[in-house]
Amino acid sequence: MSYRLPPLPALRAFEAAARHLSFKKAADELFVTPAAVSQQIKALESYLGVPLFHRLPRALELSEQGQAMLPKLREGLDCLAAAVGVAQLRPAGPLTVHAPPSFALRWLVPRLSRFGALHPEVELRLADDVGNIDGLGRGPETLLTDPRDAGSAVAVRFGMVDYPGFCRDLLLAPEYVLVCSPGLLSRSAPLVTAADLGQHVLIHDESIPDEAVRPSWAEWFRLAGVAEVDASRGPRFSSAVLVLEAALGGQGMALALWPLVEADVSAGRLVMPFATVMPSRYVYSLVVPEALADRPLIRDFRAWLLAEAGAAEARPPLPSLR
């Protein structure tokens, strides 16, 4: 992709002058003269065809065009600095894996010992962050250019988009299942048909910012062929981790991603009263910066993670209770 951009020194001069609202302070920061800063900004204004500052007798103010340009320019300079930093980092070092909190806790952590057994030489750092869920305002470019990652970092994203500049591998296309604590069934209203859920507490998962993409009790009831149940009632949680803790604690019925509850169902900590499943619009993907994809450390982790995902039980079993 080709870019038609003004010279970088002029952009740096504008950013510094806009931040300080002073050509002299910008010049001190850039180790040039105030006249040089002024000349760079005049050249930039000529290139753009618009004024970037109002030059008052005793003050300097940003013009409307300058105010509009400054935030994106700062973002671009930050990305440029991060890109240079990544290129300068040594290839070896710890491997940082970024992941959504619920996936890290309930799917990835129980499996990491197997990676450690295969690659004992790797120093691994796991960072859980809700920013790895699409729609929370941060893409992988903000998480995978942190100098603390020593240049070897990957992310597990929960979303449904591609990420320009990154390699993406599909890990899991999960389904939502209805789960609850077995103790809840023994002390609450009978649960013979799905319509009986109208007498139970429904726990709502709001960890996905986009309401149109979230798991919906209304959609689950539609798939189960149940009408006239108030699907809006019940407590709401902003984290899938909290949803599962509430379900494990016997506080109600929850819609949970099967990979996150497979171990709990197998161990009897949770049960699946009904067979109805609901596809997730989001999927789990492994995301790696294209520039780092061929590093041996990242190649090894990618191969291991894809194998683990391939071995995972793709679909939930028949319901444990009816």
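Contact here means heavy atoms within 4.5 Å of each other, and helices (H or I, at least four residues) and strands (E, at least two) are DSSP runs numbered from the N terminus. This is a predicted model, in which local features need pLDDT of at least 70, side-chain atom pairs count only at pLDDT 80 or more, and totals for chains, interfaces and linings use all residues. Residues are numbered from 1 along each chain as its sequence is written, and side-chain values use heavy atoms, with hydrogens and water left out.

**The sheet**
- An open sheet of mixed pairing is built from 5 strands in the order β9-β8-β10-β7-β11, where two strands pair if DSSP finds at least two bridges between them.
- Because β9 (236-237) and β11 (277-279) each have a single partner strand, they stand at the edges, and one side of each is left without a neighbour in the sheet.
- Strands β7 (residues 175-179) and β10 (residues 253-257) pair over 4 bridges in the antiparallel sense, with valine 179 opposite alanine 254 in β10.

**Helix α9**
- The buried residues of α9 (under 20% relative accessible area, 1.4 Å probe, protein chains only) are Ala240, Val241, Val243, Leu244, Ala246 and Ala247.
- These buried residues pack against α5 (101-118), β8, β9, β10 and α10.
- At the start of α9, a side-chain oxygen of serine 239 comes to within 3.1 Å of the backbone nitrogen of valine 241, a polar contact being a pair of N or O atoms within 3.5 Å, of which, within protein, one must be able to donate a hydrogen and the other to accept it, while residues adjacent in sequence count only if both atoms are side-chain atoms.
- Just after α9, glycine 250 adopts a positive phi of about 75°.

Note on methods. Buried means under 20% relative accessible area, exposed over 50%, partly exposed in between (1.4 Å probe, protein chains only).
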